[in-house]
Amino acid sequence: MDTLPAPFRLNPGLMIWTLVVFGILAVVLWKSLYPTILKATIDREARIKKDLDDAERLRAESAAALEEQRQLLASARGEATAIIAEARQAAERERSAAVEKTRQEQEDLLHRARREIEAERERAVADIRREAVDIAIAAAGKVVGARLDTAADRKIVEEYIESIGTGARG
């Protein structure tokens, strides 16, 4: 056994003292340090369990919030679609109203123009009749040789032209 180096040689006295010191140290550590280590380990385990529970609760809350956000987004999209559809309908109503108003204004303008044309035509016919009466009186005056200018002569000619005008229309 002498061939082994010193740290690997068995020394029974050293072994006994090593076991005694180890036992005393284990007892001292068991009594003083083990409860502290055990308490720290239990506290750490409780803290980890609490953190895991909190994380699970937060995950569930965030999943619920995400679902609520999705529902709100879908609701907002639906409302936006409804608002757009309503705006399109309102625009169509406004366009229809504008078209109808324009059509009505054109129709009114056309009626007014027709009335004005009819009034002008009646004025022109009245002017032509007056001219015809004046010409007829002048022609009759030349034929008769006397000037006809009395109101009675004028009335006779006007009635005759009127009867010609109504006879031509009928």
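**Group meeting: a two-helix predicted model**

Let's start with the fold. The secondary structure is two helices and zero strands. Keep in mind that this is a predicted model. The protein has 170 residues, and buried residues make up 4% of them. The surface comes to about 15,000 Å². Carbon and sulfur atoms supply 64% of that exposed area.

Helix 1 runs over residues 12–144. Most of my talk stays there.

First, the nonpolar patch. Which residues make it? They are Ile16, Trp17, Val20, Ile24 and Val28. Together they form a nonpolar surface patch of about 530 Å². Take Ile16 as the example. Ile16 is in helix 1. Is Ile16 buried or exposed? Ile16 has a relative accessible area of 54%, so it counts as exposed. The cut-off for exposed is over 50%.

Next, the aromatics. How many aromatic pairs are there? The count is one. That pair is Trp30 with Tyr34, with ring centres 4.4 Å apart and planes at 5°, so the rings are stacked. Stacked here requires planes under 30 degrees apart. Now look at the spacing along the chain. Trp30 and Tyr34 are four residues apart in helix 1, so about one helical turn separates them. How accessible are the two partners? Trp30 is exposed, at 54% relative accessibility. Tyr34 is partly exposed, at 36%.

Now the charges. Side chains of opposite charge can pair when their charged atoms come close. How many salt bridges does a search of the whole structure find? The search finds 11. I will walk through three of them.

Start with Asp43 and Lys39. Their side chains meet in a salt bridge, at 3.0 Å from N to O. Both residues lie in helix 1. They are four residues apart, about one turn of the helix. Asp43 is partly exposed, at 36% relative accessibility. Lys39 is exposed, with a relative accessible area of 53%.

Second, Asp54 and Lys50. The closest N and O atoms of this salt bridge are 3.1 Å apart. Again we are in helix 1, and again the spacing is four residues, about one turn. Is Asp54 exposed or partly exposed? Asp54 has a relative accessible area of 24%, so it is partly exposed. Buried would need a value under 20%.

This pair also belongs to something wider. Which residues are linked with Asp54 and Lys50 in a network of salt bridges? Arg57 and Glu61 are. So when you look at Lys50 on screen, follow the network through Asp54, Arg57 and Glu61 as well.

Third, Glu118 and Arg121. Their side chains meet in a salt bridge at 2.7 Å, N to O. Here the spacing is three residues in helix 1, so about one helical turn lies between them. Glu118 is partly exposed, at 33% relative accessible area. Arg121 is partly exposed too, at 41%.

Let me wrap up. The model is predicted, with two helices and zero strands. Helix 1 carries the stacked pair of Trp30 and Tyr34, about one helical turn apart. Ile16 is part of the nonpolar patch. Lys50, Asp54, Arg57 and Glu61 form a network of salt bridges. Across the whole structure, the salt bridges number 11. That's it from me. Over to you.

Definitions and conventions
Residues numbered from 1 in each chain as written. Predicted model: local features only at pLDDT ≥ 70, side-chain atom pairs only at ≥ 80, totals over all residues. Heavy atoms only, no water. Patch = residues over 30% accessible without salt bridge, like charges linked within 9 Å, V, L, I, M, F, W, Y side chains within 5 Å. Areas by Shrake-Rupley, 256 points an atom, 1.4 Å probe, with all protein chains shown as cover. Salt bridge = Lys/Arg side-chain N within 4 Å of Asp/Glu carboxyl O. Buried < 20%, exposed > 50% of the residue type's maximum accessible area, 1.4 Å probe, protein only. Phe/Tyr/Trp six-rings, centres within 6.5 Å; stacked < 30°, edge-to-face > 60°.
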